[in-house]
Amino acid sequence: MTLIRIIKPWQIKVNQITPPQVYFNRRRFLRNAVGAGIIAACAPLNACKQSLSESPLENTLNLPKINSFKTNPAFAQVDRPITEATLAGQYNNFYEFGGGKNIWPKAQSLPTENWRVEVTGLVNHPQTYDLDDIKRKFPLEERVYRFRCVEAWSMALPWVGFPMSALIKAVEPTSQAKFVRFTSFYDPKITTGPGFHLGKLPWPYQEGLTIAEMANELAFLAVGIYGRDLPKQHGAPIRMVIPWKYGFKGAKSIVKIEFLESQPATYWNTLGPNEYDFEANVNPDKPHPRWSQATEKFIGSGPGLTWEIRETLPYNGYGEYVASLY
Ligand SMILES: Nc1nc2c(c(=O)[nH]1)N[C@H]1C(S)=C(S)[C@@H](COP(=O)(O)O)O[C@H]1N2
Ligand SMILES: [Mo]
């Protein structure tokens, strides 16, 4: 057990950690139990108390369920347990709302109603979608993906969304289109991360892919996680998930998708080109100047608040899907 350690620096309160199945089912369970006149046995007592309270964090996660999706059997599970919803929902990177991991309270100011995503550039059928259009038009599916941040921590997350290839089909890029740029929500009155006041950061957050990467079957646009709408801290209402690349390639809260002839400038690549290359494929043999990438801390894999050191896999374990692209 030498590989299992308590997560100290992250200071997550134990009472906020509840397995998602327990958390997401227990209110229904309680309703049913009450309705049937059953008094649920509460052992330990603590569990009873917890199940009746809703923490502020849980309220940010307890969003409407997405009804119409199928689990894609090819991605029904990974080689490690799914990270608990309450852990993934409070250990985030979302620079627009702060430089730390604990941005979930601030991220609640993200205005997600009447969201529009403009898809434009070198395409035959430019479109502006609202979220209902997206959920209706694209076949939603659930996929469990390994998730690997360049800071050398990892999770396993059950996304709900659709493959980017479906969007390509809908808008028909022209033959000139070679790259795609994704732009995140930006409003300096609302997104008040530390760098906004320095005036030097290349906002809005943008990321990019080659068309071939976007067309790969793994490239995904998520509108949900854990079977529900995407919480704001995870990049509501729609974000990229590119599981063979470091997490920063997955722009959150996307408002614009543009098909381009040449490689776009991107947020982290502009800030630190020698730390964040455009390609950013997970590669254990290529150390980042500040983090060896040989291993990763898999968050929350033990009982309670633990991390587990695991060997990092080339392409984050997705080589069979993507190695031929490079
Ligand atoms: N707009 C935006 N998107 C972003 C980021 C960000 O700061 N702003 N951080 C990235 C990084 S570094 C990571 S690891 C993932 C984190 O996603 P999660 O918080 O949902 O786990 O989001 C990525 N997308
Ligand atoms: Mo990251």
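**Exercise 1.** In this predicted model, determine how far an oxygen atom of ligand 1 is from an N or O atom in the side chain of asparagine 92, and identify further polar contacts of the ligand.

*Solution.* Step 1: the separation between the side-chain N or O atom of asparagine 92 and an oxygen atom of ligand 1 is 2.9 Å. Step 2: tyrosine 95 contributes a backbone N or O atom, 2.7 Å from an oxygen atom of the ligand. Step 3: serine 184 places a polar side-chain atom 2.9 Å from a nitrogen atom of ligand 1. Each of these distances falls within 3.5 Å, the cut-off for a polar contact.

**Exercise 2.** State what percentage of the accessible area of ligand 1 is covered by the protein, and describe the shell of residues around the ligand.

*Solution.* Step 1: on its own, ligand 1 has 530 Å² of accessible area, and the protein covers 98% of it. Step 2: there are 17 residues around the ligand, and Tyr95, Glu96, His234, Gly250 and Lys252 come nearest. Step 3: by class, this shell holds eight nonpolar, six polar and three charged residues.

**Exercise 3.** Locate ligand 1 with respect to the pockets of the protein, and characterise the pocket concerned.

*Solution.* Step 1: the ligand sits in the largest pocket, whose volume is about 540 Å³. Step 2: the lining of this pocket comprises 31 residues, with Asn93, Phe94, Cys149, Phe248 and Trp268 nearest its centre. Step 3: strand β6 (residues 153–163) supplies the largest share of the lining, namely four residues. Step 4: the lining divides into 17 nonpolar, seven polar and seven charged residues.

Terms used
Residues are numbered from 1 along each chain as its sequence is written. Chains are lettered from A and ligands numbered from 1 in the order in which they are written. This is a predicted model: local features need pLDDT of at least 70, side-chain atom pairs count only at pLDDT 80 or more; totals for chains, interfaces and linings use all residues. Side-chain values use heavy atoms; hydrogens and water are left out. A residue is near a molecule or strand if one of its heavy atoms lies within 4 Å of it. A polar contact is a pair of N or O atoms within 3.5 Å; within protein, one must be able to donate a hydrogen and the other to accept it, and residues adjacent in sequence count only if both atoms are side-chain atoms. Accessible areas come from the Shrake-Rupley method with a 1.4 Å probe; for residues, only the protein chains shown count as cover. On a 1 Å grid over the protein atoms alone, a cavity is a set of points where a 1.4 Å probe fits but cannot get out, and a pocket is an open set with protein on both sides within 12 Å along at least five of seven lines; lining residues have an atom within 4 Å of a point. A molecule sits in a cavity or pocket if more than half of its atoms lie within 2 Å of its grid points. Ala, Val, Leu, Ile, Met, Phe, Trp, Tyr, Cys and Pro count as nonpolar, Asp, Glu, Lys and Arg as charged, and the others, Gly among them, as polar. Grid points are joined across faces, edges and corners, and a volume is the space filled by probe spheres set on the points. Helices (H or I, at least four residues) and strands (E, at least two) are DSSP runs, numbered from the N terminus.
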